[in-house]
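Please look over the fold below before reading on. The report starts with strand pairing, then turns to cores and confidence.

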Amino acid sequence: MPKNFKHISLIFFLSVVFVSQGQDKDAVTFAMNLSKEKLGINERLRVDFTMNKDGDNFNPPDFEGFKVLMGPSQSISSSWINGKRSYSKTYSYTLAPTARGKFTIKQATITISGEVYKSLPKQVEVKAAVDKPSDQMTVDDIADESLFLVAEVSKTRPYLNEPLSVVYKLYFTSTIGITNYRPLDNPKYNNFWSQDIPVSRPVPQNGTYKGKAFRYVVLKRVVLYPQKAGKLEIEPLSLEVSLEVPTNKRGFFGDRIYSQTNKTVSAGRRTINAKELPVAGKPADFSGAVGSFDFSVTTSKTQLNASESLQAKVEVSGKGNLKLFQLPEPDLPSSLEVYEPEFDEKVRTTLSGMQGKVSNNYTIVPSFKGKYPIPSISFSYFDPKTEKYKRLDSDEILIDVIQGPANIAAANNTVVGTTKRNVIATGSQFNFIKLKPDLKAIGTDYFFGSTRFYLWLLLPLLLIPSAVVFGKKREAIASDVIGNRIKRRNKLAKKYLSKAKKELGNKEDFYIALEKALHHYLKAKLKIETSEFSKDKIGALLAQKNVDETTRDGFIGLLKNCEMARYSPFSDVQMHQDYNKASEVISYLDKQL
């Protein structure tokens with residue numbers, strides 16, 4: 001095949017992919033969702049037909065094998081994420097099976113933007129009656145099936161001092177709302193070295209638990225290093241969770257009524273079987289280091305004079321139990337004066353364990369001229385990946401003391417102890433104290449008549465013009481009634497927005513503060529009294545100020561949520577979304593007003 005033809009084919013294929021990806025963003029979706037695919041003949045089935053754009057002429061299937069108990073009920077949701085609007089419209093039916101067997105919920109159709117869209121058919125299996133139908137379940141029964149606390153352990157058979165992580169996840173279905181939780185019993189990690197990794201803010205994510213779709217949040221993360229071989233138990237974490245559980249009752253507007261309940265969940269005990277480190281090949285100088293490391297011994301200088309100092313650093317870097325072993329010590333000549341080392345630690349802990357470096361810094365002062373070798377020292381560690389011990393050796397370092405007194409003691413004594421040294425007086429280290437020193441007065445500094453004296457004398461006269469200018473500026477600010485009113489309203493808007501953030505989780509106080517913040521913000525920006533305006537008038541006024549439609553809809557939507565919160569249940573997640581949306585909308589309005 002010619003090369004040019006291959007290139008043309010590749011370009012055509014890529015263009016088709018990019019065009020199709022661009023179309024997918026604006027694609028129309030129309031899908032059917034079932035509450036369950038298998039049910040007892042005495043249970044109920046919920047069928048939802050959901051679309052991402054508004055449509056007309058909705059035509060449901062005939063629901064063969066089922067009787068329609070309720071429906072269609074219509075619900076619409078709209079949200080703003082990063083300045084973009086998302087839309088969803090749902091037609092819902094509640095069905096009761098009329099016989100056992102396998103039935104097919106056929107296609108539904110709807111017209112969107114002049115085109116007809118069809119949902120895919122789905123099969124439902126109706127079995128014998130169950131002991132407790134889902135529609136007869138109590139609030140506590142629904143909570144038991146909708147909420148689970150799980151401790152996910154990264155390893156169950158680690159070596160001694162090998163890291164493992166425990167992540168506590170709270171799984172919940174999308175039908176319930178979590179309003180609050182508090183720990184009842186925090187686990188104690190006996191026979192483990194442990195470190196918590198803070199979770200800044202629980203963020204709901206999509207996941208699966210026991211083969212079913214759930215939402216989950218990460219509540220706690222901890223890294224453990226087993227300090228004992230054998231079976232070690234991780235105690236359970238227990239929480240008391242406040243929930244909003246949907247009931248079969250409907251409100252005046254057809255929305256589902258939620259019931260409040262509390263449920264205690266526990267992660268359960270987990271058992272870890274820690275393995276001993278192998279005996280075969282274990283170095284004699286092994287100090288308990290487990291991981292993957294680098295080792296070095298360095299000095300700040302190799303040439304100096306007597307009585308000068310140098311720094312010698314013994315450093316281990318890498319990934320492993322950096323805080324749980326001793327660094328090797330250098331074997332230094334006895335004629336060098338060595339001070340106690342300063343320990344330095346730069347270690348951070350992640351879910352995979354500790355990583356960074358630790359070091360001992362020795363200050364060394366030579367007293368005599370000569371050459372002093374720092375012998376090579378070794379560092380041994382166990383690598384759990386290869387399951388073998390490894391040994392690292394440092395290079396020998398030669399310290400050359402260029403100038404200084406000769407070490408006569410070293411020449412006369414064949415053996416010099418490592419802890420005791422002779423003190424040799426050289427030169428004039430110890431001189432007699434002079435009884436009649438020749439001391440002279442350096443000088444006397446008088447304040448009176450000095451430059452500082454005249455500066456302090458003229459300072460009040462220099463401050464008078466500044467005081468006059470400052471006073472006029474204060475009078476101008478005080479006379480600006482409109483400007484002061486705008487500043488005061490700006491402060492009130494920030495005050496109530498800050499109060500709304502503090503009241504997250506407290507529905508009534510949160511939405512009252514949020515509504516006041518929005519109104520005071522408009523008062524400051526548009527110089528009007530918004531409390532006398534309806535939402536339609538506010539929307540029209542923003543349109544006159546050339547505010548884009550997305551930002552207007554977002555602002556009006558927030559005001560509607562503040563009103564609905566007085567008689568409708570709002571979850572903690574919804575409150576966080578509204579607070580974030582308010583920050584975004586105010587930011588967009590600042591750019592357009």
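In which sense do β7 and strand β10 pair, and over how many bridges? The pairing of β7 with β10 (residues 122-127) is antiparallel, and five bridges hold the count. Within it, K102 lies opposite E125 of β10. This is a predicted model.

**Two three-stranded sheets**

β7 and β10 belong to an open sheet of three strands, ordered β2-β10-β7, in which the pairing is mixed. β2 (38-40) and β7 (101-105) are at its edges. Each has a single partner strand, so one side of each lacks a neighbour in the sheet. From one strand to the next, the twist averages 30°.

Another open sheet of three strands runs in the order β4-β8-β9, with antiparallel pairing. Its edge strands, β4 (56-59) and β9 (115-118), each pair on one side only. Neighbouring strands here are turned by 25° against each other on average, direction ignored.

Three antiparallel pairs can be set side by side.

| Strand pair | Bridges | Opposed residues |
|---|---|---|
| β7 and β10 | five bridges | K102 and E125 |
| β8 and β9 | four bridges | T111 and V116 |
| β21 and β23 | nine bridges | G291 and G320 |

**Overall make-up**

The protein has nine helices and 30 strands. It has 593 residues, and 36% of them are buried. Among contacts with a separation of 6 or more, 69% join residues 24 or more positions apart. The accessible surface is about 37000 Å². Carbon and sulfur atoms account for 52% of that surface.

**Cores**

The largest nonpolar core has 32 residues. Which of them touch the most other members? They are F293, V316, F325, F379 and I399. The elements giving two or more residues to this core are β16 (212-226), β21 (291-299), β23 (310-320), β26 (353-366), β27 (370-374), β28 (378-383) and β30 (397-401). A second, separate core has 29 residues, including A143, V166, I176 and V265.

I399 deserves a closer look. Beyond four places in sequence, the contacts of I399 are T299, K301, T302, L304, L310, G370, K371, Y372 and I374.

β21 has two faces. G291, F293, F295, V297 and T299 form the covered one. S292, D294, S296 and T298 form the uncovered one. β21 pairs with β23 in the antiparallel sense.

Next comes a polar residue in β26, N361. Is N361 buried or exposed? Its relative accessibility is 18%, so N361 counts as buried, the cut-off being under 20%. Leaving out residues up to four places away in sequence, N361 touches A312, K313, E340, P341, E342 and D344.

**Confidence**

Mean pLDDT for the protein is 80, and 79% of residues reach 70 or more. Where is confidence lowest, and where is it highest? It is lowest in helix α1 (residues 3-25), with a mean of 45, and highest in β28, at 96. β28 is also one of the elements that give two or more residues to the largest core.

Two stretches call for care. Over residues 1-24, pLDDT stays under 50, and the model has one contact beyond four places in sequence for them. Over residues 411-430, pLDDT also stays under 50, but here the model has 13 such contacts. Where pLDDT is low, predicted coordinates should not be read in detail.

Note on methods. Residues are numbered from 1 along each chain as its sequence is written. This is a predicted model: local features need pLDDT of at least 70, side-chain atom pairs count only at pLDDT 80 or more; totals for chains, interfaces and linings use all residues. Side-chain values use heavy atoms; hydrogens and water are left out. Buried means under 20% relative accessible area, exposed over 50%, partly exposed in between (1.4 Å probe, protein chains only). Contact means heavy atoms within 4.5 Å. Accessible areas come from the Shrake-Rupley method with a 1.4 Å probe; for residues, only the protein chains shown count as cover. A nonpolar core is a set of buried Ala, Val, Leu, Ile, Met, Phe, Trp, Tyr and Cys residues joined through side-chain atoms within 4.5 Å. pLDDT is the predictor's confidence in each residue, from 0 to 100. Two strands pair if DSSP finds at least two bridges between them. Axes are lines fitted to C-alpha atoms, for helices over the stretch in contact, and angles run from 0 to 180 degrees between N-to-C directions.
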